[in-house]
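Please open the model in a viewer and keep the sequence panel visible. The tour below moves from the whole chain to helix packing and then to individual loop residues.

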Amino acid sequence: MATPYLVGPLRDAFDAWLEATLARFLPPLTFPELRRGVQALSSLYVERRGEGRLAERALDGAGKRAAFACFYAPLHFLTLHHALAALGWPADAPPARIADLGCGTGAAGAAVAVHFERRPPLLAVDRSGFALGEARHTYRAFGVPARTRRGALPDALPAARAGDLWVLGWTVNECAPAVEEALRTRLAAAAEAGVALLVAEPLATAATPWWRDWERALAPAGVHARELKVRVDLPLPLAKLDRAAGLDHRLLGARLLTKGSDPVV
């Protein structure tokens, strides 16, 4: 049986955010143009991944930018919301600060922030000005006190502070090998210094050939690997786009690396 995508006031906030995001892009784009953008992004991440420069190419063109903001970002929000529920992170124990690293449109960081009864302050980092602009809309929609910083990882990583939570949602799979390796080293050191971590990536092994290396590197710092799969009744706009694009996201899933508020197992 499918799970409701959200309930209560959070569902209302999510629906309003999704409606406002769609309204920013439709018009000037038409629904068929948005559908083609969704299909183009799907092809990029599944079939054309080996061509490189994923993060840059994902925002190349109005259709793909709209699909990124209107379709994939809401799916990522819902996936992390259900991941946190499955992990059992206590809602009454927020981190001192959330760093949403490679934040994209802010969906991952917002999903984590709203899990807590008291919204922690958030720092969002991304190399794309378009992404940061969308992220500001996202954080405001969910009442998350946030500031943004433009910069590329790993150089733009904040200082490691015990009590902070670093979130990387669907970020590492877009990185070139040298950047991925540098991030792994920096995150291992941050976890050793007391930073909590939440890394979410696609389930597909083709997207994460480095996953086992990350598991081995981060395990000594208390980082645990998990997988999440949950069947969800998608909100109508996402379900409509999903069907139109010939996709099926009713089963949401992610690979997770976590350290922090989750119980040690």
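**The whole chain**

Of the 265 residues in the protein, 51% are buried. Please bear in mind throughout that this is a predicted model. With the entire chain displayed as a cartoon, the secondary structure amounts to 9 helices and 8 strands. The radius of gyration is 17 Å, close to the 18 Å given by the globule rule for 265 residues, so the protein is as compact as a globular protein of that length. Aligned along the principal axes, the C-alpha atoms occupy a box of roughly 50 × 45 × 35 Å. If contacts are drawn between residues with a separation of 6 or more, 80% of them join residues 24 or more positions apart.

**First selection: α1 and α4**

Select residues 8-25, which form helix α1, together with residues 62-87, which form helix α4. The axes of these two helices lie 9 Å apart, and the packing angle is about 165°. An angle over 145° counts as roughly antiparallel, and α1 and α4 are therefore roughly antiparallel to each other. The crossing in which α1 passes α4 is right-handed.

Now show side chains at this contact. On the α1 side, the residues to display are L10, F14, W17, L18, T21, L22 and F25. On the α4 side, they are R65, A66, A69, C70, A73, P74, F77, L78 and H81. Coloured by class, the residues of this contact comprise 13 nonpolar, 2 polar and 1 charged.

**Second selection: α4 and α9**

Keep α4 in view and add helix α9, residues 236-244. Here the packing angle is about 120°, and the axes are 10 Å apart. As a result of that angle, α4 and α9 are oblique to each other. This time α4 passes its partner α9 in a left-handed crossing.

Which residues of α4 meet α9? They are C70, F71, P74, L75 and L78, and they meet L238, L241 and D242 of α9. By class, this contact has 7 nonpolar residues, no polar residues and 1 charged residue. C70, P74 and L78 are also among the α4 residues that make the contact with α1.

**Third selection: the loop after α1**

Move next to the loop between α1 and α2 (31-46), where P27 is located. P28 is placed in the loop between α1 and α2 as well. Display the backbone here as sticks. The peptide bond from L26 to P27 is cis, with omega near -10°. The peptide bond from P27 to P28 is also cis, with omega near 15°.

**Fourth selection: W170**

Select W170, in the loop between β5 (164-169) and α7 (177-192). What is notable about the phi of W170? The value is positive, about 55°, although W170 is not a glycine. Is W170 buried or exposed? Its relative accessible area is 9%, and W170 is therefore buried.

**Last selection: P220**

Finish at P220, in the loop between α8 (211-218) and β7 (224-233). P220 has a relative accessibility of 61% and so counts as exposed, whereas W170 is buried. For a final distance, add G88 to the selection: P220 and G88 are 132 residues apart along the chain, and their C-alpha atoms are separated by 22 Å.

Technical notes
Residues are numbered from 1 along each chain as its sequence is written. This is a predicted model: local features need pLDDT of at least 70, side-chain atom pairs count only at pLDDT 80 or more; totals for chains, interfaces and linings use all residues. Side-chain values use heavy atoms; hydrogens and water are left out. Axes are lines fitted to C-alpha atoms, for helices over the stretch in contact, and angles run from 0 to 180 degrees between N-to-C directions. Helices (H or I, at least four residues) and strands (E, at least two) are DSSP runs, numbered from the N terminus. Angles under 35 degrees count as roughly parallel, over 145 as roughly antiparallel, 65 to 115 as roughly perpendicular and the rest as oblique. A crossing is left-handed if the near helix is turned anticlockwise from the far one by less than a right angle, and right-handed if clockwise. Contact means heavy atoms within 4.5 Å. Ala, Val, Leu, Ile, Met, Phe, Trp, Tyr, Cys and Pro count as nonpolar, Asp, Glu, Lys and Arg as charged, and the others, Gly among them, as polar. The radius of gyration is taken over C-alpha atoms; the globule rule is 2.2 Å times the number of residues to the power 0.38. Buried means under 20% relative accessible area, exposed over 50%, partly exposed in between (1.4 Å probe, protein chains only).
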